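Biologist: Could you take a close look at the part of chain A that UniProt lists as "transmembrane region", and tell me what surrounds it?

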Amino acid sequence: MRVLPLLLCAAYAAASAADAAPGPGVGPHESFAEDLLVKPLPDGRVLLHFEFAFRRNHTQHHYHLFPRQLGEIALRYGVDELHLAFTQGNWREARWGHPPSASQGVGADVRARIAGTGEHASRQWRGLTNALSGVFCASLNFIDESNTALPQMAFAEHAHSRAPALRQGYLPRENVCTENLTPWIKQLPCQSRSGLAALLNPYRLYNMHFHSMGMSLEAGASHAGERSEQAALRYTQYLSVVLDPRTMGLGSRWSLSELVGMPLAPACPVADKSTVRILAPPEIDLGVEPLPAEQSKHLGMDMYTFDLKLPDTAASDIELVFAAPQHSESAAGATQLPAVAVHRHVTGHGGSSGGVEATIVNRDSRDINITYFDSLPWYLRVYSHTLEIHTYAAGSDDDTVRSGQATRLHPTKMVYVPAIDRGRPSAMEVALTLPRHSHTVLRYSFDKGFLKYTEHPPDANRGFNIRPAIVSYAVDSTLDPGPLYCTSTSGRSSSGACIARVYSELFLANLATPDFSMPYNVITFTCTILALFFGRIFNLLTRDFAILDVEAEGSKRTKTE
Amino acid sequence: MSADTVETVDHDGDKRNPKKLSKQELANALAETLSRRSSSKHDTPDEPPASVARISEGSRLLRILLLGFALRLAVLTFASDFVARNLSMRVELSTPVTSYKRLVEGLYLASHGISPFDGGLFHQSPILLALFKVPYAWLPQLFSDAMYAGTDVATAMVLALIAAKKATLPAFAARPLVPGESRFRCLPSTVALLYLFNPLTLATCLARSSIMFSHLATVSALYFGIGGHIGYASVFAAVATHLSLYPVMLIAPISLMAAERNTPSAAAGQNQTTSRATGIALTLAKFAAAFASLHLLFAAVYGSEYFTATLDFTLRVSDLQPNVGLFWYFFIEIFDEFRPFFIAVFQLTALAFTVPISWRFRKDPLFGSVMLIGVISALKSYPAWGDLSLFLGLIPLYEELIKYMQYTFLSANLILFGVGLAPVFWYLWIEQGSGNANFFYAATLVYVFGQISLLFDLGSAMLRRELDIDYPEARERTVIQE
């Protein structure tokens, strides 16, 4: 999609004028909405999901609400689509249900479609990651060709036929911290002075079980059926965090400001919408005080919506009252679980070889088509011929128990791109049809490479974090309400089906290390052997045997041929 | 002069210039060898009839080869689990350029329409892809196992043929012996036996290392070289070069063999030089033509990236998987700015001795080849035990040098320690984690030093023996090196 660069180009031209005279011209062409979703989880924890959505038509060419930094970056590097997520902590889908955002893999995940092909696009991609690195104070500049995969099937749902290839860079070792949060908040029009962003208290946000912070930038038709020249630019920033109120000394009754440790601020003045939604799963008996004007059902759950634009709610606090005592861990199974789950483990021991074992669970009573995408760095040398796929009938609800006979499953389609040393990671994409109520196990083996001593990270014996595998599947909304992001328009693909993505855990690859204190010793020892070889052979080549003639007063007489 | 020497001179009269050696002649040579052996053993004039010797020598060779083949195939078939667990992935046997698992991956990728050379895993020659394409896709595992076992057995057989033919070469047949020496003790079948049942060879074959194909091409090139079939020799040398790069060094001794063949013994001095030069140039041209046509063929099928992934890869050493050579730890530890320089130094150390060694032993180009194979085994970028096994397999051809070697005890111990300690230290480093990389590195240093010691010893034994032949009185006098 080449619309976005053009649009941003025009926007850039008009930007200075807009900045000089920032009028109250937030017309229908530009909108900003903020939303906080509070969802008590079955195990007593609470999910807070902040979403800040910008939307603009390309007819209005200036940066008013839209973050100019990102707009300029997208323009400069010809970005058609950009997703960025920083995540820490595993999303425990077996306890918490569907994740709040499509990216939930630990580390930093950058995906972009960049116009152009070949070397030019690669350069643009490097430029983009470097620029994003500067904006978000993250080590995204370490994303280069060697950890960028080009998945062809896993992220295909947004692509139209002429879309450029999607690049995915992944830094599994990236930590998320306040230094990333500060620039992230800076992109918001009210920053943290008012509105929901005022609730983003780093002290509480990083005392968490799961934290995911991200943004996505997309160009496309804002509503289905709209004409293409009225294409809009959608930019969303989101932050999801799972907190445990019990660790903060909160019992069965607490208010939102107690949970985040910040008072509820009035809505951001430029926001068109500013809402706090409380979502109560049916298995949790939840009371909300004061009761909001708007109550509805959403995904089969009670939803209480507070509009912060209304003066009365803005002043008050929202209290949550749990009727039952805080739920124990055992109540976890009650929530509706996602249809597909994936877990990936590393097998084998020792520093020379290993294997990957990925288990994909289908909890649904229908067959599901999925795409399994796994990209391993080049130093894990994948043997694609060892790939074996077996499927087992699920014996019980427990994901770990397998029963029944294993049957071989053949992929409906498979794309494999072998790795190049220090060049690109391997990428394996397998399209499978999972039988209903089954566990499907993918196994393949790899050899561990040996790195130069400078290529090992600090604390080399800890090993390398290996990025998660991703399973994508289309949610059938008639049976499964699907994840939260499917209900917002941004999650929908052009065909209307929502693609859910499940990320596996990271794994740690222990590579054999050289002795880092040895360079000089190795150089001297090896060169000694080499010199020994040279000396002896040189000796052989240049010196002849001769008979010592002792009769002639000790003088030597040479006899040569 | 002893009776042996007289006999030799007679024999020279018969076959001064055997341009072509038919099978019958070869059998005669085998028989002759045995008769000489028995004569030297008993030192009696009444020899057993030649016909008896011929049968027993031929059948002995056949039995050894069959036994070797059966043993290999049996282990590969019935103990495949043991092989897969303990041998296949052993770094001392399989290197990135010879590993069987990587070959299978390459075949798998090729069969799925992905270029196997567009990746960091497969670095073996397109020859092997072509060779295993059908067995991989259609035939049971037994067939490809039989190919590996058969290749090893064929190598042993060619070694035996070389041993038999060596007796008829002017370089040997025309040379007198050192007084008291018998011409042959090591039978062709013993040469085959020593190669085939060397534990290192056996392990290499069981690990299905593709270095064996390179070995077969190498020894075939030598066999045709000493037989005077320079065209075949050049083609085999080109194939061996495509398989593992370093056999390119052998083209120097092979061209000397050609020069020797090209020289009529009675030719005048000026004429001789010219014909020698022609022979060398012609061999080099044949080799270049064979190499280039193979290259063009592979480039047409797989694109030029095959070259980057195979021969260029061997030169650049970008996969630092440990092996029994000197390269891996050095290039793990070397500072980045010196990397290209030291790669050039290391590769040149091996390659630069091609011409000097060949020239030094120009009287006997076969010995020059043996020395070069020893250099390759010690200094190639991805060596394995299999490389040493070929060098060790060739040494019995020069059985007469063994008693001239001064450091056999030292060399044998160094090599045995190197071979024995490598798996132990590998286990301690990789599996247990109680050792570190230096342990394994130390074992490889000992191993390489053992080979260098053996190589030097062999070369100086040759030179010392030459002196004894030229000046038999040297045996009673003090001999120095100057």
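Modeller: Happily! UniProt, in an unreviewed entry, places the feature "transmembrane region" at residues 518–538 of chain A; such positions are given in the numbering used here, feature names are shortened, and annotations may be inferred rather than shown by experiment. Please keep in mind that this is a predicted model, where local features need pLDDT of at least 70, side-chain atom pairs count only at pLDDT 80 or more, and totals for chains, interfaces and linings use all residues. Residues are numbered from 1 along each chain as its sequence is written, while chains are lettered from A and ligands numbered from 1 in the order in which they are written.

Over residues 518–538, chain A is 95% helix and 0% strand, with the end C-alpha atoms 29 Å apart. Helices (H or I, at least four residues) and strands (E, at least two) are DSSP runs, numbered from the N terminus. In the domain assignment, which is automatic or from a database, chain A has domain 1 (3–20 + 32–334), domain 2 (340–509) and domain 3 (519–561).

Now to the partner chain. The contact takes 47 residues from chain A and 55 from chain B, where two residues are in contact if their C-beta atoms, placed from the backbone, lie within 7 Å. On the chain A side, the elements that give two or more residues are strand S18 (380–394), helix H9 (519–542) and strand S27 (545–547). H9(A) supplies the largest share of that side, 14 residues. By class, the chain A side has 28 nonpolar, 9 polar and 10 charged residues; here Ala, Val, Leu, Ile, Met, Phe, Trp, Tyr, Cys and Pro count as nonpolar, Asp, Glu, Lys and Arg as charged, and the others, Gly among them, as polar.

S27(A) also meets chain B strand to strand: 3 bridges join S27(A) to strand S1 (residues 479–481) of chain B, and the two run antiparallel. Strands pair if DSSP finds at least two bridges between them. In this pairing, A:Phe545 stands opposite B:Gln481 of S1(B).

Elsewhere in chain A, 35 residues of domain 1 are in contact with 37 residues of domain 2. Helix H3 (93–96), strand S7 (210–220) and strand S8 (232–243) are the elements giving two or more residues to the domain 1 side of that contact. That domain 1 side has 14 nonpolar, 15 polar and 6 charged residues.
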